[in-house]
Amino acid sequence: MQYRIPKRIIQTGKQTDQPLRIRAMVSNIRLLHPDYEYLFFDDQAVETFIDREFPEYRVVFDSFPFPIQRYDFFRYLAIYRYGGFYLDLDVLLACGLSGLLESGCVFPFEGLTLSHFLRNHHKMDWQIGNYAFGAAPGHPFLEAIIENCVRARKDPGWVKPMMRGFPPLSRAEFFVLNTTGPGLVSRTLAENAELARTVTVLFPDDVCDVRNWNRFGDLGVHLMEGSWRAQGSFLRRRLAVYWEDRKLQPLLKQSARLGKTRHHVPKGDSGVTALQPISRDVAEPLVSILIPAFNAQEWIADTIRSAIKQTWARKEIIVVDDGSTDQTAAIARQFEADGVRVVTQKNQGAAAARNTAFSLSNGDYIQWLDADDLLSPEKIARQVEALGQCRSKRTLLSAAWGRFMYRSWRAEFIPTALWCDLSPTDWLLRKMEQNIYMQTATWLASRELTQAAGPWDTKLLGDDDGEYFCRVLLASDGVRFVREARVYYRTFGYDSLSYIGRSDEKCEAQWRSMQLHVGYLRSLEDSPRVRAACIRYLRNWLISFYPERFDIVKQVEQMAMDLGEQLGPPSLSWKYSWVREIFGWNLAKRFQISLRKTRWQGEKFLDKTLFHIEKGDTRT
């Protein structure tokens with residue numbers, strides 16, 4: 001859609017009677033724009049505007065604790081409704097604005113930012129101002145700003161990441177800046193890549209030269225009257241200025257290493273977006289890291305840290321607490337200042353939590369991550385790099401993975417026949433024939449591919465991940481294996497969700513998943529090699545149901561017969577076969593499960609002990 005800014009200027013102030021200095025600047029604006037409509041709103045006119053044009057925002061408008069927040073909110077609403085240019089009363093123009101009319105939406109570069117969140121999370125070392133801007137009526141970027149103002153008012157947790165690092169002395173001022181002011185506007189730009197394509201940012205030639213800050217391009221200057229700022233004592237003001245200057249100096253040096261300019265990226269008729277190279281908001285995909293969690297208080301912090309430490313900058317992290325009864329949610333919320341979003345729901349199972357997380361995500365690519373597993377810092381970056389060699393968004397990316405209990409630095413990475421590039425048919429055939437798999441977090445899938453596969457099956461209490469990624473594979477055009485990307489899979493065997501044991505529900509879920517596996521593979525290819533792989537797959541898993549669930553055993557045997565072969569009873573290793581000969585299948589099976597559980601418990605205890613001994617000297 002083509003947007004054009006109308007010839008209209010909007011300003012606001014407490015009253016129409018303004019000091020001489022302000023009247024002079026207003027007169028200058030009007031003389032420069034004789035053919036523009038000029039609208040001035042005093043406090044009463046603002047109130048009338050809200051009631052007439054946006055009554056649905058009356059409660060929000062009145063709830064802002066600082067008057068400047070209401071003025072900020074009004075300016076966005078006024079331009080959204082009428083279109084035109086908004087100018088603070090202390091903006092002095094040197095020439096007219098007509099050269100910007102075709103831009104559709106235009107904001108000024110304000111300066112390099114002090115925000116840790118913008119710099120570290122979005123890799124954006126600058127921010128845009130709201131002292132002067134223009135837009136066509138109904139422009140979607142203004143709509144996004146308005147929505148974020150409302151969100152900031154209703155959800156304090158959303159604001160927390162932007163407040164990180166600011167001292168109590170200046171906290172109130174930065175709260176305003178980050179809830180309705182330039183901080184919020186800049187965050188809206190950073191987090192809405194598609195909308196950013198429709199925005200023109202007026203950058204100076206040298207963003208590191210503070211003399212170029214707070215200008216409206218080459219058209220004017222913001223004189224920074226700052227009448228809204230808290231006055232306080234002289235000492236307080238001087239300390240606040242000293243703190244800002246001290247924090248800014250090293251940031252200036254950091255930004256100077258990136259160069260003087262932040263390049264404009266042409267976007268055709270929709271205008272230009274001025275996102276600098278380091279932010280890469282438009283050019284590079286957003287990756288959603290989705291973490292379902294249930295009673296994971298022992299592990300969740302390390303898992304979230306591994307997500308935060310991803311060197312791929314364009315990411316969002318969403319944790320869905322599935323009704324935990326421990327401190328999982330509280331621990332996860334400690335990372336909200338790092339941009340982590342935490343939501344809670346009633347306990348519905350891991351699949352439902354994953355579906356909730358995906359419904360909340362905005363990413364172009366999806367990274368699933370269980371609440372006790374870890375990603376290597378470059379896991380996502382390595383896989384995204386591999387996308388450059390993939391022409392389709394239907395290509396599924398996988399990674400190397402290793403098992404561990406407590407000591408991730410001793411994880412064992414053991415290659416399998418799946419650690420290579422494969423077609424969907426060959427991948428699924430190898431998995432079923434050799435009884436091997438790829439761990440959940442190894443995958444990186446596009447949003448298009450994820451949507452094509454459909455949601456996680458909430459009825460499967462076991463092997464829900466195996467069944468789900470079969471559907472992802474079927475919707476893909478193949479798997480690209482990225483060896484340099486690594487995942488650390490924490491497993492204790494009997495504690496795992498995938499451990500069946502003697503659970504009837506898990507047995508039924510496993511059998512349902514197996515039926516689907518066979519159907520999925522045969523839908524891709526129904527050949528002798530596929531039928532042989534399916535039979536071997538059934539034989540490998542038969543012992544999971546034998547002899548406790550003869551109803552399922554009969555169904556497995558019938559499926560094997562339909563595929564052309566008779567299974568016969570499963571076999572036990574020599575360690576347990578003698579127990580079967582003497583005491584029968586039931587006791588042999590129980591002995592097998594008990595012995596494995598005892599071994600796993602011993603390994604867990606030993607690894608935990610060594611973890612506490614080694615952790616002072618070794619790092620993940």
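**Exercise 1.** In which loop is Asn435 found? Describe the backbone of Asn435 and its exposure as well.

*Solution.* The model is a predicted one, and the chain can be followed to the place where helix H16 (424–434) ends. Asn435 is found in the loop between helix H16 and strand S19 (445–446). As a next step, consider the backbone: most residues other than glycine have a negative phi. Asn435, however, has a positive phi of about 55 degrees although it is not a glycine. Finally, Asn435 counts as partly exposed because its relative accessibility is 39%, a value between the cut-offs of 20% and 50%.

**Exercise 2.** Find where Asn295 lies, and state the sign of its phi and its exposure.

*Solution.* Asn295 lies in the loop between strand S12 and helix H12 (300–308). The phi of Asn295 is near 45 degrees, which is a positive value in a residue other than glycine. With a relative accessible area of 34%, Asn295 is partly exposed.

**Exercise 3.** Is Arg407 buried or exposed, and which residues distant in sequence are in contact with it?

*Solution.* Begin with the position: Arg407 lies in the loop between strand S17 (395–404) and strand S18 (412–413). Next, compare its relative accessible area with the cut-off: the value for Arg407 is 12%, and buried means under 20%, so Arg407 is buried. The last step is to look for partners, leaving aside neighbours within four places in sequence, and this gives contacts of Arg407 with Asp607, Leu610, Phe611 and Glu614.

**Exercise 4.** Which residues line the second largest cavity, and which helix gives the most to that lining?

*Solution.* The structure holds two cavities of 30 Å³ or more, and about 30 Å³ of space lies in the second largest cavity. Its lining consists of Phe64, Pro65, Gln69, Cys149, Ala152, Arg153, Phe175, Thr179 and Thr180. Sorting these residues by class gives five nonpolar, three polar and one charged. Helix H6 (140–154) and helix H8 (171–179) each supply at least two residues of the lining, and H6 gives the most, with three residues. One of the lining residues, Cys149, is buried, with a relative accessibility of 0%.

**Exercise 5.** Which residues of helix H14 are buried, and what covers them?

*Solution.* Helix H14 spans residues 350–360, and its buried residues are Ala351, Ala352, Ala353, Arg354, Ala357 and Phe358. As background for reading such a list, an α-helix has 3.6 residues a turn, so residues three or four places apart point the same way. The cover over the buried residues of H14 includes the strands S12 (287–293), S13 (315–322), S14 (340–345) and S15 (365–368), together with helix H17 (447–453) and helix H18 (464–475).

**Exercise 6.** How many helices and strands does the protein have, and how many disulfides does the structure hold?

*Solution.* The secondary structure comes to 23 helices and 20 strands. Of the 620 residues in the protein, 55% are buried. Turning to contacts between residues at least 6 apart in sequence, 77% join residues at least 24 apart. An example of two positions set apart along the chain is Asn120 and Asp338, which are 218 residues apart and have C-alpha atoms separated by 8.8 Å. Asn120 is found in helix H5 (residues 116–121). As for disulfides, the structure holds zero, and Cys507 is buried at 4% relative accessibility.

Conventions:
Residues numbered from 1 in each chain as written. Predicted model: local features only at pLDDT ≥ 70, side-chain atom pairs only at ≥ 80, totals over all residues. Heavy atoms only, no water. Helix = DSSP H or I, 4+ residues; strand = E, 2+ residues; numbered from the N terminus. Buried < 20%, exposed > 50% of the residue type's maximum accessible area, 1.4 Å probe, protein only. Contact = heavy atoms within 4.5 Å. 1 Å grid on protein atoms, 1.4 Å probe; cavity = no way out; pocket = protein on both sides within 12 Å on 5 of 7 lines; lining within 4 Å. Points joined across faces, edges and corners; volume = space filled by probe spheres on them. Nonpolar A, V, L, I, M, F, W, Y, C, P; charged D, E, K, R; others polar. Disulfide = S-S within 2.5 Å.
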